[in-house]
Number of protein chains: 4
Amino acid sequence: MSHLTKDKPKLLARVRRLKGQIEAIERAIEAEKDCGAILQLVASVRGATTGLTQELIEDHLRHHVILIEDETGREKGGAELASVLRTYLK
Amino acid sequence: MSHLTKDKPKLLARVRRLKGQIEAIERAIEAEKDCGAILQLVASVRGATTGLTQELIEDHLRHHVILIEDETGREKGGAELASVLRTYLK
Amino acid sequence: MSHLTKDKPKLLARVRRLKGQIEAIERAIEAEKDCGAILQLVASVRGATTGLTQELIEDHLRHHVILIEDETGREKGGAELASVLRTYLK
Amino acid sequence: MSHLTKDKPKLLARVRRLKGQIEAIERAIEAEKDCGAILQLVASVRGATTGLTQELIEDHLRHHVILIEDETGREKGGAELASVLRTYLK
């Protein structure tokens, strides 16, 4: 069983909460709510996205690098991780 | 007409694109896609959220600080902006 | 007296602490210290830089936008702020 | 030869450039330069720090996880990396 299969319910719950936060922003813009409040909602989406990212990165590091027996496999998993980190460490 | 009313269609389109990206992550997890690919999808959501934030921050700076005639009004708009920036500049 | 003149001692102390942290990294690399420890030192420099940035941004918002009587002056201060924020909200 | 020994000259040059940038901020504050210019100098320090971090993280991933033969060693290197990433993905 891949690590994603095992963690699937937990990850899906996290993504659906994130979708709920986006829908809250959509409603707030439709209702022309105060833009300071909308800014706070967007900040919370960024925080939730960062949390999801941290979880996926640590899972990837574990299951596609640390627990991989052969070095070639680890090189592939490591290269994927490095390329994602570059988008975060701009 | 408040600045949000004027920008409403553009902002809503942006938020709905962001929701579409989250739904793409949901489908990828359900289909147990490769976690490297899912990480890239999440990175693109973070980029889109940052872009939305930049736009809202600049609108807020303009319409709630720069264009406000009285200093007390500017203090209020400026305080809201500073508190949102603190969540970003951690 | 400009706001920088008033805050000069405090800002200079903060920048010199940051320089001290960089010199600690320099010594750690020269002594070939464990790279995990060096990574933590670099992370603390990034935190200190972010703290200095937050202080300068809030000062700039206050003294070059909020407290400026004429709108043209506020436009200039606001444009400078927006361009700095873009480097942070990539 | 540890990877830090091999990369030492390059890393030291990078850290000394960063120190030079901090000293430029110190001089600008002493000379009470325009705070917009100082903000840009601080933004460039943050960029340089992020670049140094990316290099150290990729080196760490390579030399303390990917190239490590035994899993226990990889667990240690991976745990160090995860803890540094948490300071960046706040």
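**Close-up views of a predicted assembly**

**Figure 1. Chains D and C meet through the same surface.** Of the interface residues of chain D, 100% are also interface residues in chain C, so the two copies use the same surface for their meeting. Please keep in mind that everything shown here comes from a predicted model. To lay chain D on chain C, turn it by 180° and shift it by 0.0 Å along the axis; the RMSD is then 0.0 Å. The two copies are thus related as by a two-fold rotation axis.

**Figure 2. A closer look at the contact of chain D with chain C.** Here 41 residues of chain D touch 41 residues of chain C. About 4000 Å² is buried between chain D and chain C, and carbon and sulfur atoms carry 69% of that area. If you would like a place to start looking on chain D, try D:Ile29, D:Leu39 and D:Arg46, which lose the most area to chain C and together make up 17% of what that side buries.

**Figure 3. Charged and polar pairs link chain D to chain C.** Between these two chains there are 14 residue pairs in polar contact, with both residues at pLDDT 80 or more. The salt bridges between chain D and chain C number 10. One to zoom in on joins the side chains of C:Lys19 and D:Glu26, with an N to O distance of 3.2 Å. On the side of chain D that touches chain C, helix H1 (3–30), helix H2 (35–66) and helix H3 (71–88) of chain D each supply at least two residues. H2(D) gives the most to this side, namely 17 residues. Sorted by class, the side of chain D that touches chain C holds 19 nonpolar, 11 polar and 11 charged residues.

**Figure 4. Chain A, viewed by itself, is a chain of helices without strands.** Chain A has 3 helices and 0 strands. Following its sequence, you will meet the pattern α-α-α. With a radius of gyration of 17 Å, well over the 12 Å that the globule rule gives for 90 residues, chain A is more spread out than a compact globule. The C-alpha trace of chain A spans about 55 × 30 × 15 Å along its principal axes.

**Figure 5. Chain B superposes on chain A by a rotation of 180°.** The rotation comes with 0.0 Å of shift along its axis, and it leaves an RMSD of 0.0 Å. The same surface serves both copies, as 100% of the contact residues of chain B recur in chain A. The contact draws on 41 residues from chain B and 41 residues from chain A. Within chain B, B:Ile29, B:Leu39 and B:Arg46 supply 17% of the area buried against chain A, more than any other three residues. Chain B and chain A bury about 4000 Å² between them, with 69% of it on carbon and sulfur atoms.

**Figure 6. Which helices of chain B build the side that touches chain A?** Across this interface there are 14 residue pairs in polar contact, both residues being at pLDDT 80 or more. The elements that give two or more residues to the chain B side are helix H1 (3–30), helix H2 (35–66) and helix H3 (71–88) of chain B. H2(B) is the one that gives the most, with 17 residues. The chain B side that touches chain A divides into 19 nonpolar, 11 polar and 11 charged residues.

**Figure 7. Salt bridges reach from chain B to chain A.** Side chains of opposite charge can pair when their charged atoms come close. Over all chains, the structure holds 48 salt bridges, and the interface of chain B and chain A has 10. Among them, B:Glu26 and A:Lys19 bring their side chains together with 3.2 Å from N to O. Take a look at B:Lys8 and A:Glu32 too: they form a salt bridge whose closest N and O atoms are 3.0 Å apart. B:Lys8 sits in helix H1 of chain B, and A:Glu32 sits in the loop between helix H1 (3–30) and helix H2 (35–66) of chain A, so this pair joins two chains.

How values were computed
Residues are numbered from 1 along each chain as its sequence is written. Chains are lettered from A and ligands numbered from 1 in the order in which they are written. This is a predicted model: local features need pLDDT of at least 70, side-chain atom pairs count only at pLDDT 80 or more; totals for chains, interfaces and linings use all residues. Side-chain values use heavy atoms; hydrogens and water are left out. Copies are superposed by least squares on the C-alpha atoms of residues with pLDDT of at least 70 in both. Contact means heavy atoms within 4.5 Å. Buried area is the accessible area (1.4 Å probe) that two parts lose on being put together, summed over both. A salt bridge is a side-chain nitrogen of Lys or Arg within 4 Å of a carboxyl oxygen of Asp or Glu. A polar contact is a pair of N or O atoms within 3.5 Å; within protein, one must be able to donate a hydrogen and the other to accept it, and residues adjacent in sequence count only if both atoms are side-chain atoms. Helices (H or I, at least four residues) and strands (E, at least two) are DSSP runs, numbered from the N terminus. Ala, Val, Leu, Ile, Met, Phe, Trp, Tyr, Cys and Pro count as nonpolar, Asp, Glu, Lys and Arg as charged, and the others, Gly among them, as polar. The radius of gyration is taken over C-alpha atoms; the globule rule is 2.2 Å times the number of residues to the power 0.38.
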